Amino acid sequence: NAWKMAGHGGVVVGVSILKVLRTWSVFQAFGVLHQLDYTVASFTFYTLLFSAIITLGINQPWLANKTITSNQWPRILFYSLLLTLNFFFWNVGLKYYQPIRTILSSDHASVALAMMLTIFSTSKSKNSQSNKIRGAALLIIAYMLIYWVEPATTPLSDADVAIGQVPLQHGFDFYLFTVPENKIGGLCLFIATLMAMLREIITKKIGPEIGGSKRLFAISLPIATAFMLPFALFAMFNGTSMVTITSSTVLIPTIAVAIFVIAADFFVEVYASAHLTAGNLAKLSIGVSFVTAVLIELMEGSRSTSFVTFVCFFLVLWGMHWLFEAKQKIDLPMYTPSHGRGNTVLSMAFVKTALRQIFEGKDSRRIFMFLCLNLSFMFVEFVYGIWTNSLGLISDSAHMLFDCLALAIGLVASVIAHWDVDPIFSFGYSRVEIVSGLVNGIFLIFVGFMVLYESMERLFHPQEINTDNLLLVSFGGLGVNLIGMFAFHDLHDHGIDDGGDGHSHGHSHGHSHGHGHGHGHGHGHEHKQESNANLTGVYLHILADTLGSVGVIISSVIISVFGYTIADPICSLCISLLIFMSTWPFLKESAGVLLQGTPESFPQKKCMKKLMAVEGVVGYSQPHFWRYAKGMMVGTIHVQINREVAEQKVLAEVSQIFKKTGKVNNLTVEITRVG
């Protein structure tokens, strides 16, 4: 199991990837609701409809053993109503409160609000009580700062500022006074938070009775969709929006919200809550979402993020930490007492141990050095971009931060992979590198789709492109990426190979319950060099960036010389296709390893032919062979022999066949006498 092999780190990676996709979907939804002025009722209806279809397909609540009684249906209907109001008011809040404020004000706020209400309840620990009060105070300060101090104007892009456009303040007229729209949005988010808290309370009461929270959610989504239908129909016939659901500018964001904001977010958080505490999950979710939102705003050129926003972000994290401190029950990733470390990532002992492991390994040392180079170039780009007020440089520095994140994932995996075996992970942690490679591969596919979508949009709707500083940025990025290509050049000629040094182990079982054991150890050097899935994922990331730099250079030259702006989407389209072509085979192979499929390079027919040629072997069954990680090919097989031959002799010959021919270095053989 990939998640278990990666420990809690796998859960953290999964939640982080989802939150990145969820944040991107939130921005897409904001574009539909605010910029296109699509009706909230229609948007809520379609997102609930699509998420209901997805959730019913995943959960299939009709297959559950528990029957819903007539007494339970009223509570399910009430839960469905709360679900409808929850998403409706959240969408209204998003429309008027903007994405970053919405994320800071609503993510895990319902759980925090429920915790705040328990502050004055009886507590056995005074320290726990003071922590709750401290956390609640920080959260209230943060939410009030967002609500009252943040500007009530619509954010402008750099292009709007360049042409001298003035920020507009919108509001709603109530008799003698006007309420700014951001205040309405904040109020709606507070109502949505109350609805979410009530949903949590009902889930805890009725969920176990009807088969769990997942089944309750799956049953309630179609009902919530039905609740929204009349309002959606009214909005369709009386609304003023010029776009419809059939338009790609509305349909794609709607599907994205249904998948990542509603369905996937619910199921992933339910799974993650079983492995992480509520506090750690809240801090992780808010942290990843906020950083992703800031990067998206930088790339879009928006100006809605202020110094106060960052202050509120740290106050929210700090408040969540203190509020949930009393309920902390497991350690954060990279904290592993069972390994004898006993130090958190913030301790100097852990840092020294990690740095020693990084510099001792050739692979981790290469990743670390290139990460430092990338971070340095990113910092220079960002500072120079701020100094010259260049959006292109600032955006590229934000893009390089994503590259550094991919390198950091690879570096962490490289360190964890060398941890010693323990009673829980008896094979060790080497498969974490496969998980890391798979994560980077999935991330690249996502980047490829984003580039493809943007290039297709610009192909049909060309935009004016400012080539100032583009060549400088592209040549600088190309230089850094060429260094990375040179550092990892020995990876692209190799797949995820089989074989490697190790030991072979066999044991036989006679039908009379007598046991014979044979062991053989060998360290051959005739096998070809293996590649590291973790480093291959890093290499593909660098390759994609190199292609991007080359594409930008070519398109910039064409635009500057000939003025053909169509060169930009065409180059981007080619880059996205090259990303798919280079990443898909690796992604497919990495997934095959995690699913324990037999590698295509494994000579199974040849091994079985030699097996049947061994004296005394009359047959075999249940052959299973898979690659566990780099340097470890695992196999099990049941061999039938006649009564005249010695078990140990057959065991030794069978072990040698699979060791030499198939490079299986961890073999289990069960021998049964027949006849």
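Where is the place of Gln 60? Hi everyone, let's find out together. What you see is a predicted model, and in it Gln 60 sits in the loop between α3, residues 40-59, and α4, residues 73-97. Take a look at its backbone: phi is positive, about 50 degrees, even though this residue is not a glycine. Is Gln 60 buried or exposed, or something in between? Its relative accessibility is 32%, and since partly exposed covers the range from 20% to 50%, Gln 60 counts as partly exposed.

Now follow the chain along to Gln 98, in the loop between α4 and α5, residues 99-106. Here too we have a residue other than glycine with a positive phi, this one near 75 degrees. Gln 98 has a relative accessibility of 8%, so it counts as buried, the cut-off for that being under 20%.

Let's move on to the sheet. Strands of a sheet pair through backbone hydrogen bonds, and they can do so parallel or antiparallel. Our sheet is an open one with 3 strands in the order β5-β6-β7, and its pairing is mixed. At the edges you find β5, residues 617-629, and β7, residues 666-673, each pairing on one side only. From one strand to the next, the twist averages 10 degrees.

How many bridges join β6 to β7? There are 8, and these two strands run parallel, with β6 covering residues 632-641. To see one pair for yourself, find Gln 640: its bridge partner in β7 is Thr 672. Finally, helix α22, residues 647-660, packs on the sheet and touches β5, β6 and β7. The direction of α22 makes about 145 degrees with that of β7. Thanks for listening!

Methods. Residues are numbered from 1 along each chain as its sequence is written. This is a predicted model: local features need pLDDT of at least 70, side-chain atom pairs count only at pLDDT 80 or more; totals for chains, interfaces and linings use all residues. Side-chain values use heavy atoms; hydrogens and water are left out. Two strands pair if DSSP finds at least two bridges between them. Helices (H or I, at least four residues) and strands (E, at least two) are DSSP runs, numbered from the N terminus. Axes are lines fitted to C-alpha atoms, for helices over the stretch in contact, and angles run from 0 to 180 degrees between N-to-C directions. Contact means heavy atoms within 4.5 Å. Buried means under 20% relative accessible area, exposed over 50%, partly exposed in between (1.4 Å probe, protein chains only).
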